[in-house]
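Please open the model in your viewer and keep the selection panel at hand, as the stops below are given as selections to make one after another.

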Amino acid sequence: MKKLILFACMCFALVGCEKEEVSTFNTQYTALNIWVGTQAGAVYESAVHNYSYVYEEGDVTFYAQLSGMPADHDRTFHLEAFGGDSALMINTVRLEDYVIPAGAVSGVFQVHFNTRKLTDADLFTTKDGMIYFRVVPHEEFALGTEGHQQFAVVLKNYLAKPTNWETANYPQMPLSHYFGAYSRVKYQFMIEHLGLKDFQVNYNAQTSYDEETNVVSNSYAIYLVQVMQKALVDYNAQHDEPLTDEFGLPITF
């Protein structure tokens, strides 16, 4: 009987050791996932940056998340641009030392594009460009899961007419319902005064403006029309000629 009890105790001790060894997590080696889309995890095929929307530097937001446990120290990673049209505009890109703080497993970051550093002002005015970003190899990070190892940015340098200006599927509403007929000058004037571009109106939205999805509610869209009406009155009062579009017609809201 004593031998049986001793054997049972040894087995129990071994099982305890095995369980402790399995639960130990090595934070020095973990996968880093990156993507463009939403912080909640929706992954888009690409993000869009339009040089013509900003005078100097604009941003594209991306997200990063570790697949493992948080560490007790800050962990820094870097991106590198490659492929596509990167050779044409790499000097316009500003990357950072991206840091996931101690105790965290994710973060929201930006890639910066400087319009004034374009070597050719006509780049991407007639044909969209493309550039890709990936994590610079690092001993602390393994590659992320498939679909989270790199992301693409589509490059434009012109005021493109929003696809939802004339038509949209309910509860999305077309922008023309609020802002009238489209013109490049009108849209540029709106971007300048509202600070919004390529936004959508959701008739059923309860939140005035959701920055992450770039969606505004119906009531907030009506308010934005009032903002633009006032901006137009102020502009016309300060100029000898009223604001006209590229066709020579007066801008109205």
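**Two pockets and one helix**

Begin with the second largest pocket, which in this predicted model holds about 220 Å³ of space. To display its lining, select Val48, Asn50, Tyr53, Lys156, Ala160, Lys161, Pro162, Thr163, Asn164, Asp198, Phe199 and Gln200. Colouring that selection by class divides the lining of the second largest pocket into 5 nonpolar, 4 polar and 3 charged residues.

Keep Val48 selected and move on to the largest pocket, since Val48 also belongs to the residues that lie nearest the centre of that pocket, together with Thr61, Glu211, Glu212 and Asn214. The space in the largest pocket comes to about 1100 Å³, and 28 residues line it. Next, show strand S2 (47–50) and strand S3 (57–66), each of which supplies at least two residues of this lining; of the contributors, S3 gives the most, with 5 residues. Coloured by class, the lining of the largest pocket shows 12 nonpolar, 11 polar and 5 charged residues.

Now leave the pockets and select residues 218–238, which form helix H5. How far apart are the end C-alpha atoms of H5? They are 31 Å apart, and this agrees with the 30 Å that the 21 residues of H5 should span at 1.5 Å a residue.

Within H5, select Asn218, Ala221, Leu224, Val225, Met228, Ala231 and Leu232, which are buried. Turn the view so that you look down the axis of H5: the buried residues fall within an arc of 125°, so they line one face of the helix. The spacing of such positions can be read against a general rule, namely that an α-helix has 3.6 residues a turn, so residues three or four places apart point the same way. For the other side of H5, select Ser219, Lys230, Val233, Ala237 and Gln238, which are exposed.

What do the buried residues of H5 pack against? Add helix H3 (176–179), helix H4 (184–194), strand S13 (200–202) and strand S15 (215–217) to the view, as these are the elements that the buried residues of H5 pack against.

Finally, zoom out and show the protein as a cartoon, in which 5 helices and 15 strands can be picked out. Of its 253 residues, 37% count as buried. If you draw the contacts with a separation of 6 or more, 68% of them are accounted for by residues 24 or more positions apart.

Technical notes. Residues are numbered from 1 along each chain as its sequence is written. This is a predicted model: local features need pLDDT of at least 70, side-chain atom pairs count only at pLDDT 80 or more; totals for chains, interfaces and linings use all residues. Side-chain values use heavy atoms; hydrogens and water are left out. Helices (H or I, at least four residues) and strands (E, at least two) are DSSP runs, numbered from the N terminus. The expected span of a helix is 1.5 Å times one less than its number of residues. Buried means under 20% relative accessible area, exposed over 50%, partly exposed in between (1.4 Å probe, protein chains only). The arc is that of the directions from the helix axis to the C-beta atoms. Contact means heavy atoms within 4.5 Å. On a 1 Å grid over the protein atoms alone, a cavity is a set of points where a 1.4 Å probe fits but cannot get out, and a pocket is an open set with protein on both sides within 12 Å along at least five of seven lines; lining residues have an atom within 4 Å of a point. Grid points are joined across faces, edges and corners, and a volume is the space filled by probe spheres set on the points. Ala, Val, Leu, Ile, Met, Phe, Trp, Tyr, Cys and Pro count as nonpolar, Asp, Glu, Lys and Arg as charged, and the others, Gly among them, as polar.
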